[in-house]
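Trainee: Could you take me closely through one part of this model, namely how its strands are paired, and then add a word on the cysteines?

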Amino acid sequence: MAILRRLISLILPSILLTGCYEIFDPGLDIAPVLCINSIITAGEPIEVDVTRTWTFDDQTAEYDHNVSDARVTVYANGVRQGEDYVPAEGDVIRIVAESPVYGCAEAEVKVPVAASLDNISYTATVTDIWKDDRYGMCADLDFNIRLRMTIHDVDIATDDYFRLDYNWEHPSGCKFYIGELDYNSEPIFKEHMGAFETITGSDDEILTVFSDRRFAGNSYTLDLFFNRGGYRVNSSSYDEEMLDCSVNLTLSTVSHSYYAGSIYNWQREMGGIDDLSDLGFAQPIWGYSNVSTGAGVVAARSCVEYTISLKDFIKSALE
């Protein structure tokens with residue numbers, strides 16, 4: 001993005017100096033419509049957010065665009081559901097929202113089947129260590145860690161989409177950080193990028209959303225490299241429970257609407273092409289929506305979770 005910003009800084013002054021302007025009233029006569037947003041997760045109750053659209057000059061609606069009179073109905077596999085319905089993998093969900101003022105909106109999505117993970121392993125390398133055994137449990141540990149896991153494609157007959165999330169946990173009394181994910185270690189996270197994003201530096205900000213286009217009907221091993229991780233402890237007494245740090249991995253199989261919406265948001269925020277379109281040097285990026293009114297995204301996902309304990313590594317490094 002740094003290259004793109006420098007390019008814009010060179011172009012924009014010349015435009016301001018040589019151009020002219022006039023006050024333009026577009027006279028928009030666009031009626032607001034309902035907007036539906038929902039991320040449906042297999043095994044969890046459905047939550048639906050219903051709002052309305054507004055024009056750029058409607059400052060009141062910009063801060064308050066809720067629709068209090070909206071009536072929401074959820075259908076699963078063609079059958080109307082009650083509030084106690086919990087979606088399952090393979091269910092086809094249709095959400096219908098109706099308002100006396102803003103009309104009707106609806107969207108349909110299929111809850112995907114969760115992928116399977118196996119061959120999960122890690123290797124960790126100590127980059128720096130300091131410890132003082134005179135004061136119970138006092139140490140600083142720096143490390144790099146590489147995680148590997150194999151994903152099995154869900155269905156050879158369909159295009160499948162995924163998202164990887166991770167976080168870490170540690171007991172109170174110590175500090176632990178898994179490190180920064182090096183996106184260059186796993187090229188699948190850049191599959192939606194082209195030469196333009198590389199030239200402008202947009203590939204510095206990556207999504208952990210990807211498809212099965214590289215391994216349709218087969219398996220793929222994700223290779224995740226984290227650098228500059230650390231563990232810090234300062235205790236007056238030795239307590240082995242303070243070594244119990246872990247990394248939590250969540251692989252979600254997501255609907256196409258989830259994938260497409262994520263790519264659009266990335267293009268808007270990080271892609272660079274949106275900056276050029278604002279200056280008139282590229283076509284505008286049209287927003288993605290699978291709602292009948294063209295406003296909002298209804299998506300679905302199924303998740304599988306796995307926890308990697310780093311206790312043995314930390315214990316061994318400090319001994």
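**Strand pairing and the cysteines**

Mentor: In this predicted model, strand β14, which covers residues 246-254, is joined to β15 by nine bridges, and the two strands run antiparallel. Within that pairing, S252 stands opposite C303 in β15. Strand β15, spanning residues 298-309, also pairs with β1, residues 34-41, but here the sense is parallel and the pairing extends over four bridges. On this side, T41 of β1 is found opposite R301 of β15.

A further group of strands can be followed separately. Four strands form an open sheet in the order β4-β3-β5-β6, with antiparallel pairing. Because β4 (79-80) and β6 (103-110) stand at the edges and each has a single partner strand, one side of each is left without a neighbour in the sheet. The partner of β4 is β3, residues 71-76, and two bridges join these antiparallel strands; in one of the bridges, Y75 is matched with R80 of β4.

As for the cysteines, a search of the whole structure finds zero disulfides. C245 illustrates this: its closest cysteine sulfur belongs to C174 and lies 4.5 Å away, which is too far for a bond, given that a disulfide requires the two sulfur atoms to be within 2.5 Å. C245 is buried, with a relative accessible area of 0%, whereas C104 is partly exposed, at 40%.

Terms used
Residues are numbered from 1 along each chain as its sequence is written. This is a predicted model: local features need pLDDT of at least 70, side-chain atom pairs count only at pLDDT 80 or more; totals for chains, interfaces and linings use all residues. Side-chain values use heavy atoms; hydrogens and water are left out. Two strands pair if DSSP finds at least two bridges between them. Buried means under 20% relative accessible area, exposed over 50%, partly exposed in between (1.4 Å probe, protein chains only).
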